[in-house]
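Here are my notes for someone opening this one for the first time. Keep the viewer open and follow the points in order.

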Amino acid sequence: MNPRTRTRAWLLHAGAAATVAACSIAVQAQPASTPAAPQTAAASLSLRQVFDAAWARQPESMALQARRDAARAQQSAANAWTPEPAALEISNKTDRLNRNQGARELEVGIAVPLWLPGERGRTAALAEAEGAAIESRATAARLRIAATVREAWWQWQRARIEVDSARDQLDNTRRIAADVARRTKAGDLARADQHQADGAVASAEANMAQAEAGLAAARQHLRALTGAAPATSEAAASAAEPDPGTAATDMEAHAALLELKDRAAVAERTAALASTQSRANPELMLAFTRDRGAFGEAAQQTITLGVRIPFGGGPRYDARTANARAEATEAQAQLALERERVIAEREAAKVRVDASRSQLAAAERRAQLARESRGFFDKSFRLGETDLPTRLRIEAEAAEAERQAARARIELAAAISAWRQALGLLPQ
């Protein structure tokens, strides 16, 4: 076999081996790609979907339906004819164990609790207030979860921007380093320039690793909230919430204020009910008795109608009434403080949005100028009119300007989201 034929056979054998190896690698990698399917599906997650997923995992959401059922049952109980169910009383008296002279007495009765004056109406009012408080408490809990989700979401967006900026800077420094290496081999630049370019690449690689670590931490925070982390390739434009503009809601309709208002209403109606329940509920008793005195005597039948009225007042009543009034006073005071906090938070959020818009305009103008300067210095560097330190400095300034512009866009979107949070609006 001549050398040319031997070389051709060796190449065919090597190609076949490479094909088999590639197929085996693809088969081995196929199971590993299956678990990544949820992340691909999670790439379409929006802020609203992330919030819905986080709310569904909260204990308040899981217990909400049971609390609603309890409120409806309490309202039905308040509309009942009696405050408590009636009680059946049965007793049998006999002398069989001592004298055994045939004495017998059987008594069957029923005891019906009665409402105190004004108790039924105030109980119904309290049940209605507690039903409204359950809904407002759930709405306030949703708003608190929305604040946590928004913070985690925008932190992830900031980390994603850092990764994109670090990747762009790494690509540009590698391109410059490759150009420097080519010119060093040609004798146009010194080896010191090559070392400086390689040092810039190493620095960019370190920044890239740090940004990726921050992104991983932010994604894991979202995963802890929702059970699934969004993909790193999701676009930031789809993450922005709409500007509320002039569609600001009434401050008194804020979920945090409504929760405290309903809580204060529950406390006030509890105090009103406690002032009515100064004693235990009286009972109406109706009993039927059949008895005989001895063997051979005729049985006698009697009917008993009675009323049981407990004594009222005392330290227990005073303590219950004082606790109810203290709860009402505390809720009213907390409502006043929360109203002031909401007002301040709204004003601060609006100022932050205006400042973010100004920062974005300045950052985009700076980025545009930096891009143009980078183009000028890149051309002059290729022509040998600019030294490498100046080129690297211009590249670093351009990368920083691009990063600041991208970060300013995210900060504006985050400021609008915080403004919506201060207005009591849920994510969209």
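1. Start with helix H6, residues 191–226, and its partner H9: the two pack with their axes 10 Å apart, at an angle of about 15°. Angles under 35 degrees count as roughly parallel, so H6 is roughly parallel to H9. As for handedness, H6 and H9 make a right-handed crossing. Bear in mind throughout that you are looking at a predicted model.

2. Stay on H6 for a moment. How far does H6 reach from its first C-alpha to its last? The answer is 52 Å for its 36 residues, close to the 52 Å expected at 1.5 Å a residue. Just after H6 comes Gly227, and its phi is positive, about 90°.

3. Now step back for the overall layout. The protein has nine helices and four strands. Reading from the N terminus, the order of elements is α-α-α-α-β-β-α-α-α-β-β-α-α. The protein has 428 residues, and 35% of them count as buried.

4. Next, have a look at helix H8, which covers residues 315–382. With 68 residues at 1.5 Å each, H8 should span 100 Å, and its end C-alpha atoms sit 94 Å apart, which agrees. Following H8 you'll find Gly384, with a positive phi near 80°.

5. H8 also has a neighbour worth tracing. The axes of H8 and helix H7 (residues 255–276) come within 8 Å and cross at roughly 160°. Which way do H7 and H8 run relative to each other, parallel or antiparallel? Angles over 145 degrees count as roughly antiparallel, and H7 and H8 are therefore roughly antiparallel to each other. Their crossing is left-handed. The residues of this H7–H8 contact divide into 13 nonpolar, five polar and ten charged.

6. Over to H9, residues 388–423, where you'll find Glu395. Is Glu395 buried or exposed? Its relative accessible area is 1%, so Glu395 is buried; the cut-off for buried is under 20%. The side chain of Glu395 also has company: a polar contact of 3.2 Å joins it to the side chain of Arg374.

7. The loop between H5 and H6 holds Leu189. With a relative accessible area of 17%, Leu189 is buried too. What lies across from it in space? One residue to check is Leu388: it is 199 residues away along the chain, yet the C-alpha atoms of Leu189 and Leu388 are separated by 9.1 Å.

8. Another helix pair to look at is H4 (residues 59–78) with H5. Their axes come within 9 Å and cross at roughly 170°. H4 and H5 are therefore roughly antiparallel to each other. In passing H5, H4 makes a left-handed crossing.

9. Two C-alpha distances help you find your way around H4 and H5. Ala77 lies in H4, and its C-alpha atom is separated by 8.4 Å from that of Ala124, 47 residues apart along the chain. Arg120 is found in H5, which runs over residues 119–186. How far apart in space are Arg120 and Ala78? They are 6.3 Å apart, C-alpha to C-alpha, with their positions 42 residues apart in sequence.

10. While you're there, check the accessibility of those residues. Ala77 is partly exposed, with a relative accessible area of 43%. Arg120 also counts as partly exposed, at 31% relative accessibility.

11. Last, a backbone angle to look up. Most residues other than glycine have a negative phi. Asn100 is not a glycine, but its phi is positive, about 55°. Where does Asn100 sit? It lies in the loop between strand E1 (87–94) and strand E2 (104–113). The relative accessible area of Asn100 is 38%, so this residue is partly exposed.

Conventions. Residues are numbered from 1 along each chain as its sequence is written. This is a predicted model: local features need pLDDT of at least 70, side-chain atom pairs count only at pLDDT 80 or more; totals for chains, interfaces and linings use all residues. Side-chain values use heavy atoms; hydrogens and water are left out. The expected span of a helix is 1.5 Å times one less than its number of residues. Axes are lines fitted to C-alpha atoms, for helices over the stretch in contact, and angles run from 0 to 180 degrees between N-to-C directions. Angles under 35 degrees count as roughly parallel, over 145 as roughly antiparallel, 65 to 115 as roughly perpendicular and the rest as oblique. A crossing is left-handed if the near helix is turned anticlockwise from the far one by less than a right angle, and right-handed if clockwise. Ala, Val, Leu, Ile, Met, Phe, Trp, Tyr, Cys and Pro count as nonpolar, Asp, Glu, Lys and Arg as charged, and the others, Gly among them, as polar. Buried means under 20% relative accessible area, exposed over 50%, partly exposed in between (1.4 Å probe, protein chains only). A polar contact is a pair of N or O atoms within 3.5 Å; within protein, one must be able to donate a hydrogen and the other to accept it, and residues adjacent in sequence count only if both atoms are side-chain atoms.
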